[in-house]
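Here is my notebook from a session of looking things up in a protein model. Keep the structure open beside you and follow along.

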Amino acid sequence: MTSSAPTPDPLPRGGWPGAETPGDAPWWTRSVVYQVYPRSFQDTDGDGVGDLPGITRRLDHLERLGVDVVWLSPVYRSPQADNGYDISDYEDVDPLFGSLADLDALIEGLHARGMKLVMDLVVNHTSDEHPWFVQSRSSTESPRRDWYWWRPARAGMEPGAPGAEPTNWRSFFGGSAWRFDEASGEYCLHLFDTKQPDLNWENPEVRQAVYAMMRRWLDRGVDGFRMDVINLISKDVAPDGSLPDGEVHWGTYGDGSPHYTDGPRVHEFLAEMHREVFAPYLAQGREILTVGETPGVTVEHGVRYTDPDRREVDMVFQFEHMGIDHGATRYDPVRWDLADLKATLGRWQAGLADRGWNALYWDNHDQPRVVSRFGDDSPAHRVASAKALALLLHLHRGTPYVYQGEELGMTNAPFTRVEQYQDVESLGYFSELTGRTGGPRLRTDGEMLAVLAHASRDHARTPVQWDATPNAGFTTGRPWLEVNPNHTTINAEAAWADEDSVLHFYRRLVALRRDEPVVALGDFRMLLPDHAALYAFTRTLDTPVRDGRTRRDELLVLVNVSGQPQDVPDGVLAGWEDAATVVATHTAATAGGRPGSARLEPWEAVVRRRSTEILPE
């Protein structure tokens with residue numbers, strides 16, 4: 001339809017800063033990224049662990065899905081204390097996953113299909129078996145001593161005695177963030193596992209060694225990096241952390257995060273990285289993607305990280321929405337509320353609307369499966385809720401990330417024994433909270449197993465379910481982590497054969513972002529922010545067409561995030577009665593009433609589109 005005058009609306013009209021048309025926006029604004037967790041993707045040698053040839057073998061699946069970028073979790077040499085996020089050699093592939101030649105073959109296979117490869121970059125810390133740390137630890141006089149955070153015991157206390165750590169900081173994986181080294185009588189900082197000492201980014205030699213390593217990977221054909229906990233690299237290691245009232249399970253350890261999250265020099269370091277690593281390649285026309293994982297980041301810092309004029313990173317992973325169902329840690333579960341989810345996602349949409357960019361995700365290797373977490377994984381609602389949550393996320397402004405198996409609607413694993421878990425974080429908290437590490441017993445084994453059944457990272461790490469055969473087609477050997485027994489019904493082979501599957505729905509969402517500029521670049525406006533079951537918003541994009549005219553494309557997104565039918569409140573559908581349906585979770589036979597209906601069935605979601613041509617004033 002047309003109009004002779006613009007519709008009054010105070011909102012900006014979307015797009016990208018400095019781009020005159022949607023086509024001028026960066027390539028990654030209309031892309032979808034697929035994360036591969038190699039040890040659980042596809043095994044080809046029968047050792048029960050996924051490998052690089054297995055990823056290459058499954059590239060047809062990714063090409064058919066339509067994704068643009070593959071993010072590869074770490075495959076570097078590693079003792080595997082934290083499943084590869086403890087790197088002992090940045091320059092080589094761990095034999096567990098294959099060889100450099102296998103990685104080259106994967107890069108070639110992806111590029112031949114028009115896809116890019118993003119490597120995981122873990123440079124907040126290394127493994128304690130990395131040569132840098134071995135040399136640093138060898139002597140207090142080592143030239144590389146200052147490559148890590150070494151500190152003496154607290155003043156007046158015996159080194160190694162309880163409470164003598166330089167600060168009271170708690171590790172993300174439980175216990176003290178300081179490891180005592182008897183040989184030198186000093187402590188080394190590790191924000192994560194004891195075998196993951198933190199690099200000292202204050203030392204320019206450290207930074208230059210990291211930058212050189214990154215350039216070598218780009219020269220090899222890698223198309224960018226997802227930077228693990230990159231906002232933690234700048235630290236003030238002197239102050240103690242706070243001890244919140246009532247958080248008794250934190251024991252004597254405090255929250256040091258204000259002293260290392262978005263630290264004093266982090267923006268300086270990232271700007272330097274961009275200048276010394278990425279800028280020369282971008283100047284040559286290379287398409288590179290840089291993604292910062294930023295736990296605890298504020299919206300204000302998120303804008304600074306991703307403002308294109310600042311040249312730090314292209315987008316950030318933030319975790320606010322991942323915290324709505326737990327307390328101080330993921331092992332303190334609380335009931336979540338849809339209004340809280342809308343508030344946090346909406347805050348980031350608004351905060352990065354004019355400057356910066358969001359990374360959109362539900363699942364990754366650190367999060368339980370979304371269909372079991374925020375959806376309903378029962379047989380009655382698993383497919384519908386997986387589709388509804390996918391549509392909700394992919395219609396936001398930002399670059400969506402699909403984690404392996406998410407496109408199949410894979411669920412949490414039905415583990416009932418602690419022996420079934422492998423995750424170092426889960427096992428550490430199980431031991432600590434049940435009193436096995438010498439502290440107070442704060443939970444029974446049964447209580448802790450119930451928490452792990454909801455929150456453990458291992459739920460994301462069960463092998464991908466390719467077919468209904470034994471071990472889900474993942475391996476001919478014994479899988480490193482048990483396969484979910486529901487693979488006999490939930491698997492890729494069955495999903496590709498069913499046009500109404502979760503997999504085909506994801507394929508349509510991926511194509512929609514590429515085909516519809518309003519999906520990639522349109523403004524976001526939240527509707528019904530306080531509704532307990534409906535998630536509703538609009539997307540709007542103005543595009544110059546001809547003779548001073550503008551085409552306004554608008555989308556109305558309606559999602560029922562519940563297992564009960566919901567009536568859309570009066571007024572939301574006004575003006576949308578004749579709008580075309582672009583994508584919907586339900587077929588005509590199962591949707592709530594006629595087109596334009598104000599009723600949504602359980603876990604029903606729909607996107608409607610209208611266009612208006614606006615004449616110049």
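**Entry 1: where two domains meet.** Before anything else I wrote down a term: buried area is the accessible area, found with a 1.4 Å probe, that two parts lose on being put together, summed over both. I also noted that this is a predicted model.

I looked up the domains. The protein is divided into domain 1 (27-126 + 204-414 + 486-509), domain 2 (127-200) and domain 3 (522-614). I then chose domain 1 and domain 3, whose C-alpha centres lie 29 Å apart. On the domain 1 side 23 residues take part in the contact, and on the domain 3 side 28 residues do.

How much area do domain 1 and domain 3 bury between them? I found about 2000 Å², with 73% of it on carbon and sulfur atoms. Next I looked for charged pairs across this interface, and the count of salt bridges between domain 1 and domain 3 is 0. Polar contacts do turn up there: 6 residue pairs, with both residues at pLDDT 80 or more.

Which helix gives the most to the side of domain 1 that touches domain 3? I noted helix 8, with 7 residues. Helix 8 (338-351) and helix 10 (382-394) each supply at least two residues of that side.

**Entry 2: salt bridges.** I reminded myself that side chains of opposite charge can pair when their charged atoms come close. For the protein I got a count of 47 salt bridges, and I picked out a few to look at.

My first pick was Asp500 with Lys387, whose side chains meet in a salt bridge at 3.0 Å, N to O. Asp500 sits in the loop between helix 13 (492-496) and helix 14 (502-515), while Lys387 belongs to helix 10, so this pair ties together parts that are 113 residues apart in sequence. I checked how open each partner is. Asp500 is partly exposed, at 37% relative accessible area, whereas Lys387 is buried, at 3%.

My next pick was Arg417 with Glu419, which form a salt bridge at 3.9 Å, N to O. Arg417 is partly exposed, with a relative accessible area of 41%. Is Glu419 buried or exposed? At 57% relative accessibility, I put Glu419 down as exposed.

Then I turned to Asp423 and Arg461, where the closest N and O atoms of the salt bridge are 3.6 Å apart. Asp423 is in the loop between strand 14 (399-403) and helix 11 (424-433), and Arg461 is in the loop between helix 12 (445-455) and helix 13, so I noted a link between distant parts of the chain, 38 residues apart. Both Asp423 and Arg461 are buried. These two also belong to a network of salt bridges that links Asp82, Arg330, Asp366, Asp423, Glu425, Arg457 and Arg461.

**Entry 3: a charged residue with no salt bridge.** I moved on to Asp193, in the loop between strand 9 (186-189) and helix 5 (204-220). Asp193 is buried yet has no salt bridge. Why does Asp193 have no salt bridge with Lys195, the nearest side chain of opposite charge? Lys195 is 6.6 Å away, and a salt bridge needs a side-chain nitrogen of Lys or Arg within 4 Å of a carboxyl oxygen of Asp or Glu, so this pair does not count.

The side chain of Asp193 does reach the backbone nitrogen of Lys195, at 3.0 Å. I also listed what else Asp193 touches: leaving aside neighbours within four places in sequence, the contacts are Ala81, Phe173 and Val424.

**Entry 4: backbone angles.** Here I looked for positive phi values in residues other than glycine. Gln80 is one of my notes, with phi near 65°. Gln80 lies in the loop between strand 4 (76-77) and strand 5 (89-93) and counts as buried, at 16% relative accessibility.

Val229 went into the notebook too, with a positive phi of about 35° although it is not a glycine. I found Val229 in the loop between strand 10 (224-227) and helix 6 (266-283), where Val229 is buried, with a relative accessible area of 4%.

**Entry 5: one last look.** I ended with Glu432, in helix 11. Glu432 counts as buried, at 15% relative accessibility. From C-alpha to C-alpha, Glu432 and Leu442 are 8.5 Å apart in space, and they are 10 residues apart in sequence.

Key
Residues numbered from 1 in each chain as written. Predicted model: local features only at pLDDT ≥ 70, side-chain atom pairs only at ≥ 80, totals over all residues. Heavy atoms only, no water. Helix = DSSP H or I, 4+ residues; strand = E, 2+ residues; numbered from the N terminus. Buried < 20%, exposed > 50% of the residue type's maximum accessible area, 1.4 Å probe, protein only. Lys, Arg positive; Asp, Glu negative; His and termini not counted. Polar contact = N/O pair within 3.5 Å; in protein donor to acceptor, adjacent residues only side chain to side chain. Contact = heavy atoms within 4.5 Å. Domains from an automatic or database assignment.
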